[in-house]
Amino acid sequence: MTAKQKKTGLVEVYNKLLGQFGHKHWWPADTPFEVVAGAILTQQTKWENVEKAIKNLKEEELMDAEPLSEANLEKLEELVRCTGFYRQKARRLKDISMFFFKNPDILEKPADELRDALLSLNGVGEETADSIVLYAADKPRFVIDAYTRRICRCMGLEGGYPELQSLFEDSIPEDVPMYKEFHALIVEYGKQFCGKKRCTECIIVKNGKM
Ligand code: SF4
C-alpha cells in the first residue's frame, strides 16, 4: 500500500465509522479534571466500571485536584475498587491530582510540553497522556489504543505507537473535534465488532483487504 493509499484509507475508515455509528461526542465529563481522572480509571477496564467510580468520587466531592490529592488512600481504594487494580489506581489518582493541584495551568501548555510532563508521572503511558492532551486540553494528539492497533493490523498498517500516531496525524486534518470523534468511533467499532469477532461483517476490511 502506498503512503497516499494509507492516508486515503484512514479517511475512508473515518467516514464509514461515522456512517455506522454517528457522532459519539466523546469524552463524557463535566470538567477537564474529570477527563484526567477518567483516563487513569479506564486503564484495563470497561467504561461502565469507570462511570461507577466517577459517581462514587463525585458523591464524596473528590472530583477535583485538591480534594483528590488529599483524600485518604484506603477510602480512595474503596471508591475506585470497581475499576480493578484499585490500589494502583488510587495511588495514581493521588499522584496525578497532586501534579494538577501544583500545576493548575498545565492544560494551557503546548501539547508537547504537556505530554512530556504527563509521561513523567507514575502510571501514565502514551495512551493515557494523549487522552488527556486531546480530551482534557483540547489539543491535537491522536490516541492509539488496542483497538486502533488491531484495526491497523487488519488494514496492513504496522508500527509502534509513534508510527501509528504519525500515520493518523498525517492522514487526517489537524482538527481536534475530528481527532476526538475518530478515536471514539474506533473504540465503539472495536467493542462491537473486533472484540466480538464479527470479522465476517467487517466494514473496514473485506477478506483481509481494504
Ligand atoms: S472486525 Fe475483524 S477484520 Fe474487521 S477490523 Fe476488527 S478484527 Fe479486523
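In this predicted model, Asp130 counts as buried because its relative accessibility is 0%, below the 20% limit used for that label. This residue is found in helix 8, which spans residues 126-136. The side chain of Asp130 is joined to the side chain of Gln165 by a polar contact of 2.9 Å. Beyond the residues up to four places away in sequence, Asp130 touches Arg115, Arg141, Phe142, Val143, Tyr161 and Gln165.

Helix 8 is also the place of Ser131. With a relative accessible area of 7%, Ser131 is buried. A polar atom of the Ser131 side chain lies 2.8 Å from the backbone oxygen of Glu127. When neighbours within four places in sequence are left aside, Ser131 is in contact with Trp27, Val35, Ala39, Ala136 and Val143. Val143 thus appears among the contacts of Asp130 and among those of Ser131.

It helps next to step back to the whole chain. The chain is divided into two parts: domain 1 (3-26 + 142-201) and domain 2 (32-136). Between these domains, 13 residues from domain 1 and 8 residues from domain 2 take part in the contact. The centres of domain 1 and domain 2, taken over C-alpha atoms, are separated by 25 Å.

What about the nonpolar interior? The largest nonpolar core has 72 residues, and within it Leu57, Phe100 and Leu118 touch the most other members. Helix 11 (residues 176-194) supplies the largest share of this core, with 10 residues. Each of the two domains, domain 1 (3-26 + 142-201) and domain 2 (32-136), contributes at least three residues to this core. For a closer look at one of these well-connected members, Leu57 can be followed residue by residue. Not counting residues up to four places away in sequence, Leu57 touches Leu41, Leu62, Met63, Leu68, Leu76, Leu79, Val80 and Leu93.

The final stop is the ligand. Which residues surround the ligand? Arg150, Ile151, Cys154, Cys194, Cys199, Cys202 and Val205 do so. Sorted by class, this shell holds 6 nonpolar residues, no polar residues and 1 charged residue. Helix 9, covering residues 146-154, gives the most to the shell, with 3 residues.

Notes
Residues numbered from 1 in each chain as written. Predicted model: local features only at pLDDT ≥ 70, side-chain atom pairs only at ≥ 80, totals over all residues. Heavy atoms only, no water. Near = heavy atom within 4 Å. Helix = DSSP H or I, 4+ residues; strand = E, 2+ residues; numbered from the N terminus. Nonpolar A, V, L, I, M, F, W, Y, C, P; charged D, E, K, R; others polar. Core = buried A, V, L, I, M, F, W, Y, C linked by side-chain atoms within 4.5 Å. Buried < 20%, exposed > 50% of the residue type's maximum accessible area, 1.4 Å probe, protein only. Domains from an automatic or database assignment. Contact = heavy atoms within 4.5 Å. Polar contact = N/O pair within 3.5 Å; in protein donor to acceptor, adjacent residues only side chain to side chain.
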